[in-house]
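The following exercises concern cysteine pairing and the surroundings of a bound ligand. Please work through each task before reading its solution.

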Amino acid sequence: MPSHLIAVVGGQYGSEGKGAIAAHLARQYHGGRPTATIRVAGPNAGHTSIDDNGTPWPLRTIPATAPVNPTERLLIAPGSEIDPTVLDHELTILERGGHPVNHRLTIDPQATILDPIYIEEETALTMHERLGSTGKGIGAARAARIMRTARTWGDRPFSGDTVAAANDTLDMGGRIIIEGTQGYGLGLHAGHYPQCTSSDCRAIDFCAMAGLNPWQANIDRFTIYVTIRPNPIRVAGNSGPLHGETTWDALGLPVELTTVTKKPRRVGSWDADLVRAAVQANGGAPTVRLAVTMMDHVHPEIAGWAGEHKIEDLPIKVRTHIWDIESDAGANVYLVGTGPATVMEVI
Ligand code: GTP
Ligand code: MG
């Protein structure tokens, strides 16, 4: 079995449904070889996966694949920030919910501890309003790490070398998913500075946080799923430009709220330039594959569809929409989200 490194990244401004895509990929059998998911960056993003009982798991620190594949190894990368309170909460609810994780979780000693001071610093700076930041202290923690004042995870519980664990998995012909956060358009150098996040958001950036090189010898295949949605969103507030900004009402869709502050998210129109830029920044096809989520919002007739479908067998409107997306983006669509818990494969 060839080893396979997969990166799941966002192609817009976050909340594209990366959790659902990572969960779908983690359900695929990999020839009985070991599999692991690596969570990178900080708990400013919630990735939602839905387990086999239909329970949603919005996770901010533990990989979103944890509740869907009981044998998946769970790694938290050197380039991640950990809020111990969030971690404790997730460990407790997952254990209680019938998804034990203690025996398969490893946290790299190099990970940064997200101390409360960083959250206070960001709140004091009102970055929250000023920059559309999620105000979770990640930027302040990264600034402290660069100044060498931040604390690292060290020998706290679950401590272990996650880079070595990932390499062992690859050496055995295994499969690794790197679960990226946020989206290309929020990247530190992607053009919207200062209304952006505190890192870039391409697969190469997340690989670096995970301590892996896509070209290293023990990786036989490298695939990037750039996850996009028909109507991109931005967080509420002064969060930066949004092409063809519209309203949930005008789209006939239920209002989406930000996870923490519960304010309505801003919603935009399809932005071909943004998606094309995201595909190019991630290296382009064929390494880049598109995963289009929330297609059930636009085409209710495919809600709940799963399994493999030939493109020519899809309803004409869906087929045409997919072709338009592919031509705008310069990459092919492989996965289509048809509901919070369902993904169909287009072949
Ligand atoms: P960030 O890292 O925070 O940017 O988020 P994300 O990309 O991981 O998105 P998240 O997993 O939080 O997904 C956003 C919401 O959309 C969640 O409530 C998902 O359950 C839901 N969702 C994902 N895919 C689909 C889909 O295809 N259809 C519908 N209707 N909902 C979906
Ligand atoms: Mg989210």
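**Exercise 1.** Determine why Cys 207 forms no disulfide, a disulfide being a pair of cysteine sulfur atoms within 2.5 Å.

*Solution.* Step 1: the closest cysteine sulfur to that of Cys 207 belongs to Cys 201, at 13 Å, which is too far for a bond. Step 2: Cys 207 is buried (under 20% relative accessible area, 1.4 Å probe, protein chains only), with a value of 0%. Step 3: for Cys 196, the closest cysteine sulfur is likewise in Cys 201, 8.8 Å away and too far for a bond. Cys 196 is also buried, at 15% relative accessible area. Step 4: the structure has 0 disulfides.

This is a predicted model, in which local features need pLDDT of at least 70 and side-chain atom pairs pLDDT 80 or more, while totals for chains, interfaces and linings use all residues. Residues are numbered from 1 along each chain as its sequence is written, chains are lettered from A and ligands numbered from 1 in the order written, and side-chain values use heavy atoms, without hydrogens and water.

**Exercise 2.** Identify which residues make polar contacts (N or O pairs within 3.5 Å) with ligand 1, and state how much of the ligand is buried.

*Solution.* Step 1: a polar backbone atom of Ser 15 lies 2.5 Å from a ligand oxygen. Step 2: a polar backbone atom of Gly 46 is 2.8 Å from an oxygen of ligand 1, and a side-chain N or O atom of Lys 18 is 2.8 Å from a ligand oxygen. Step 3: the protein buries 85% of the 660 Å² that ligand 1 exposes when taken alone (Shrake-Rupley method, 1.4 Å probe).

Note on methods
A polar contact is a pair of N or O atoms within 3.5 Å; within protein, one must be able to donate a hydrogen and the other to accept it, and residues adjacent in sequence count only if both atoms are side-chain atoms. A disulfide is a pair of cysteine sulfur atoms within 2.5 Å. Buried means under 20% relative accessible area, exposed over 50%, partly exposed in between (1.4 Å probe, protein chains only).
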